[in-house]
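Hello,

Here is the structure I promised to pass on. Please open it alongside this note; my findings follow below.

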There are 2 protein chains.
Amino acid sequence: MGVVVSLEGERSPSLAPLTTLVADDMRAVNELVVQRMHSPVAMIPQLAGHIVAAGGKRLRPLLTLASARMCGYAGRRHIALAACVEFIHTATLLHDDVVDESDLRRGLASANAVWGNKASVLVGDFLLSRSFELMVEDGSLSVLSILSRASSLIAEGEVLQLTTQNDTETGETRYLEVIKAKTAQLFAAACRIGAVIAARPKVEEDALETFGMNLGIAFQLTDDVLDYSATQMALGKTVGDDFREGKITLPVILAFRRGDEAERTFWRRTLETLEQRPGDLERAVDLMEKHKALADTVERARHYGAIARDGLGIFANGPEKSALVEIIDFCIERTY
Amino acid sequence: MGVVVSLEGERSPSLAPLTTLVADDMRAVNELVVQRMHSPVAMIPQLAGHIVAAGGKRLRPLLTLASARMCGYAGRRHIALAACVEFIHTATLLHDDVVDESDLRRGLASANAVWGNKASVLVGDFLLSRSFELMVEDGSLSVLSILSRASSLIAEGEVLQLTTQNDTETGETRYLEVIKAKTAQLFAAACRIGAVIAARPKVEEDALETFGMNLGIAFQLTDDVLDYSATQMALGKTVGDDFREGKITLPVILAFRRGDEAERTFWRRTLETLEQRPGDLERAVDLMEKHKALADTVERARHYGAIARDGLGIFANGPEKSALVEIIDFCIERTY
C-alpha cells in the first residue's frame, strides 16, 4: 500500500496513541451519550443503543477531544460537544440506513433491519434534536453556528449523492463535492470547535478546519476503496454495498473513464440499471485493478492526507499533534 | 357541531381575521422560507417547494406572528422565527410521509410518492438543520432552547405513536401523551417564542405556552375526527388514512372501549392485523357513530379549547387576542 509515514517507522499507523491520550475524556463522552440518549419512550434508547453499542471508531468525537487538548483547553465543555458530534453522526447513520436499504452496518444487523424504517428515521430525528439541545446547554453561538451549518451541509451532500447515484456520467469533481459535504464537513467541524472552546485565534480555527476537512476526504476515499477490497473480502467483511446500490464512487469513476466501450456497457448495466448477476462484483474489482482505479484512489487519499498534515503545521509539537498526524495515516492505510 | 363561540355569533369561526392581521408579516415569512430553502442542489428546493407550495394553513407560523404582536413586539425577529417553526413542521411532514407510507398529503401527491423515501428523509434533515441555522442567526439562546426541546419532544412523540400503532389496548392517557408531544409541543413553542422576543415576563410566556399546548391538542383531536368524517367523505376528501395504517386515535379508543366483544374483534382484525376488507372503513365509522365516539372526541377538543381560551385571559383585549381566540373555535369546528 505504498509508503507508510509512521512516527516509529516499523508499526502500522494506529488509533491507539490518540485513544490512549484522551481515554478518560472519551469515557466521559460515552457516559454522556448513554445518559442523553435516554428517553421514557423505551424504543429510543434501545434503538440508539444498538447503533452506539455497535461502536465504530468514535473517530469524530476523538477529533474534538484531541483538537481541544492540542489547543491547550483545560475545561470540560469538549466532553458535551464531542457527544454532540457523535449524535449528529449517529443520526446520519440511522437515516443512511433507511436511505440505502443497507442490511449491515459495522457488521451488526442495521437498526433499520431490526426496527424498521419508521423508527430509524424518528430516532435519528431525536438524536439530531438532542444534539442541538446539548449545544444550547453549552451556550456558545459560535459552536452552534459551526455545527448547524455542518448539519445542513451534510444533508445537502446526501441529497447531492442521491442525484449522482446510478449515473455513470458523474465526474471526479462532483464526487468530491459529495464527499466533502456528506463526510468531511463533520470532520472539519469536529476539529474546529476544539479551537473555538479553547478561545484560540481564528488562524488556528481555520487550520483545524483544514486538517479535519482533508482528513475527512482522505477517510471517505479510503472507505470507498475498502468497499471493493479483495483483502476485505478475504477477511470475510461485507464488501460491495456501494456496487449493489449503484453508488458512483471514485474507484468506479476512474475505472469507467479509463475503460473501453465494452467495459462502460458493463458499468452502465450494473450501476445504472442495477441489473447485476453473479460474478459482476468480482468483474468490477478486476476492472478496477486493471485500470489501477483502487491504487490511484488511495493515491488521491494520500494527497488530501498531506494537506491535512500541513494544516497542523502551525501547532506546537506534542503528544496530541503526533496522535492527530498518525490518524491521517491510519485513515488511509486502515483495513477497517 | 354544537355551540360555536364566535365573536360575531352568525358566521363560522375562521382563520381570516388572523391572516388579515398579519398579512404583511406572513408575506415576509413566505419569502424567507423560499429564500432559505434554496440550495445549489436543485432537488432540495424542488422537493421542499412542493410541500411548501401545497400550502396548508401555515397555522404554526401564524401563531408566532400573532403572539409576538399581541405581546407588543415591534421588531422583525418574529419573521425569521416563524420561518423556523414552519421549517420544523415541514421537516416533520416529510419524515411522516416516509414513515406512514401515506400517498396523499393536503390533496397533492406526497413528496415521498414523487421523489421517493430517500429524498424525503434527507430534505427533511436539511430543513431541520436550516431551521437551527436561522435560529443561530437570530442569536437567542432562549429561543434555541425552546425550539430544540420542542424538536426532541416531537421526535419522541412520533416514536411513542409508533409503539401504540396497531395496539388496540392503547388508552386515552397514552394517546394524549402522543398528541401532546407530536403536535401540541410545536404549537406551544410557536406561541411562547412570541413572548420571549417581546421580552415579556415569564408569566406571559407560560400563558402563551398554555394557550398553544391546549390549542394543539384540540387541533389534533379534530384532525383525528376528520379522518373518519362522513362530511369529508361526501366532499371527496381523503379519509381513512389513520384506519388503513392502524393508528390508534381517540375515536378508535372510545369506540373500542364502549363496544362489545364482536366489535372489539372487528377492531383487532382491522387495526392490529390490518386485515381490511371493502366496507370496513364504513363499518368503523358506523361503530363510532353508534358509540358517539366522534362527537365525544369533539367534546374533548372543546375542553382543551376552553383551557386555551383561559390561557389568553391575562392579555389585554385587542385584535390579536380576538383573532387568536377565534382560531380555537376554527380549529375545533373546521372541516379541513
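A:T231 sits in helix α11 of chain A, residues 230-234. A:T231 has 11 C-beta neighbours inside 10 Å, so it counts as exposed. Its C-alpha atom is 31 Å from that of A:V159, and the two residues are 72 apart along the chain. Please keep in mind that this is a predicted model.

Now the two chains together. Chain A can be laid on chain B with an RMSD of 0.0 Å. The operation is a turn of 180 degrees, with a shift of 0.0 Å along the axis. The two copies are thus related as by a two-fold rotation axis.

Which surfaces meet? Of the interface residues of chain A, 100% are also interface residues in chain B, so the copies meet through the same surface. Chain A gives 36 residues to the contact, and chain B gives 36 residues. On the side of chain A that touches chain B, the elements giving two or more residues are α3 (43-53), α5 (77-100), α7 (117-138) and α8 (141-164) of chain A. That side of chain A has 19 nonpolar, 10 polar and 7 charged residues.

Next, helix packing inside chain B. Helix α10 (residues 202-226) of chain B packs on helix α16 (residues 293-311) of chain B. The angle is about 165 degrees, and the axes are 8 Å apart. Angles over 145 degrees count as roughly antiparallel, and α10(B) is therefore roughly antiparallel to α16(B). The crossing of α10(B) past α16(B) is left-handed. From α10(B), the residues in the contact include B:A207, B:F211, B:L215, B:I217, B:A218 and B:L221. From α16(B), they include B:L294, B:V298, B:A301, B:Y304 and B:A308. By class, the contact of α10(B) with α16(B) holds 13 nonpolar, 6 polar and 2 charged residues.

One residue of α10 in chain B deserves its own paragraph: B:I217. Is B:I217 buried or exposed? It has 25 C-beta neighbours inside 10 Å, so B:I217 counts as buried. Leaving aside neighbours within four places in sequence, B:I217 is in contact with B:I179, B:K180, B:A184 and B:Y304. The C-alpha atoms of B:I217 and B:A80 are separated by 25 Å, and these residues lie 137 apart along the chain.

α16(B) also meets helix α17 (residues 319-333) of chain B. Their axes come within 10 Å and cross at roughly 170 degrees. α16(B) and α17(B) are therefore roughly antiparallel to each other. On the α16(B) side, the contact is made by B:V298, B:A301, B:R302, B:G305, B:A308 and B:R309. On the α17(B) side, B:V325, B:I328 and B:I332 make it. The contact of α16(B) with α17(B) has 6 nonpolar, 1 polar and 2 charged residues.

Last, two loop residues to look at in chain B. B:R58 is in the loop between α3 (43-53) and α4 (59-70) of chain B. Its phi is positive, about 55 degrees, although B:R58 is not a glycine. B:R58 has 20 C-beta neighbours inside 10 Å, so it counts as buried. B:N166 lies in the loop between α8 (141-164) and α9 (172-197) of chain B. B:N166 is not a glycine, yet it has a positive phi of about 65 degrees. With 16 other C-beta atoms within 10 Å, B:N166 is partly exposed.

Best wishes

Notes:
Residues are numbered from 1 along each chain as its sequence is written. Chains are lettered from A and ligands numbered from 1 in the order in which they are written. This is a predicted model: local features need pLDDT of at least 70, side-chain atom pairs count only at pLDDT 80 or more; totals for chains, interfaces and linings use all residues. Axes are lines fitted to C-alpha atoms, for helices over the stretch in contact, and angles run from 0 to 180 degrees between N-to-C directions. Helices (H or I, at least four residues) and strands (E, at least two) are DSSP runs, numbered from the N terminus. Angles under 35 degrees count as roughly parallel, over 145 as roughly antiparallel, 65 to 115 as roughly perpendicular and the rest as oblique. A crossing is left-handed if the near helix is turned anticlockwise from the far one by less than a right angle, and right-handed if clockwise. Two residues are in contact if their C-beta atoms, placed from the backbone, lie within 7 Å. Ala, Val, Leu, Ile, Met, Phe, Trp, Tyr, Cys and Pro count as nonpolar, Asp, Glu, Lys and Arg as charged, and the others, Gly among them, as polar. Copies are superposed by least squares on the C-alpha atoms of residues with pLDDT of at least 70 in both. A residue is buried if 20 or more other C-beta atoms lie within 10 Å of its own, exposed if 12 or fewer, and partly exposed in between; C-beta atoms are placed from the backbone.
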